Amino acid sequence: ENNKKCKKIVQLSIAELLATAIKKIHLEESISILFRWSHHGGKMILNLDVEKRTLGKKSDLNKLRRDGFIPAVVYSSGEKGTPITVPTIEFNKLYKKSIGEIAIFYLKDGNDEVRAIIKEKQIHPVTRKITHIDFLELHPGKEISLDIPINFIGTPAAVKEGAVVDIARRTLNAACLPKYIPEDISLDITNMEVGETIYCKD
């Protein structure tokens, strides 16, 4: 019963694989993707030039976006956020590189530099473009709460016999000082058996 209350990370099963494969075969789709999986975790340092901005009307924000910038705010513990503008093209390039990894941004405004992570981002429901970003500044002596990528190591023997690794979570939330932020959390699944489930508490 306690396990039911814990969030599942990964499960090894064969029934789900067969059901999905049968469905794809019926639809004449490739099933090769079902038999492989991968994860690339890590920590990236990304440099990004930004500019401070003054708060204005909503129409000003729309103009910023049309001009090729994303409005953003840098928050610091116990302090009011600092509004900035982020170049859209440059940010998107860096953001795509950092998917699946921990990204620490060095936000540079002239001689000023702030280390920060993305706290939250807003995405347009239709275009799927990022319309606003909240950054959280990193302070050397203050803990930060963030999602750490899980690095799945090994391949269970049952996978070679047709089982599938069902990955329910690819990150775990953890709190630590900035200097102790790990690249990932390693999880060895080599010895998993069919029907076995690994929970967060494990």
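The chain exposes about 13,000 Å², and carbon and sulfur atoms supply 50% of that area. These values belong to a predicted model, and they can be read alongside the count of secondary-structure elements, which comes to four helices and 13 strands in the chain. Of the 202 residues in the chain, buried residues make up 34%. Where contacts in the chain between residues at least 6 apart in sequence are considered, 69% join residues at least 24 apart.

The table below gathers the values for the chain.

| Item in the chain | Value |
|---|---|
| Exposed area | about 13,000 Å² |
| Share of exposed area from carbon and sulfur atoms | 50% |
| Buried residues among the 202 residues | 34% |
| Contacts joining residues at least 24 apart, among those at least 6 apart in sequence | 69% |

One residue, Thr131, can be followed in detail. Thr131 lies in strand E8, which covers residues 130-137, and Thr131 counts as buried because its relative accessibility is 16%, whereas the cut-off for buried is under 20%. Leaving aside residues up to four places away in sequence, Thr131 touches Arg65, Ile70, Pro71, Gln122, Ile123 and His124. Thr131 and Phe69 are 62 residues apart in sequence, yet their C-alpha atoms are 9.0 Å apart in space.

Key. Residues numbered from 1 in each chain as written. Predicted model: local features only at pLDDT ≥ 70, side-chain atom pairs only at ≥ 80, totals over all residues. Heavy atoms only, no water. Helix = DSSP H or I, 4+ residues; strand = E, 2+ residues; numbered from the N terminus. Buried < 20%, exposed > 50% of the residue type's maximum accessible area, 1.4 Å probe, protein only. Contact = heavy atoms within 4.5 Å. Areas by Shrake-Rupley, 256 points an atom, 1.4 Å probe, with all protein chains shown as cover.
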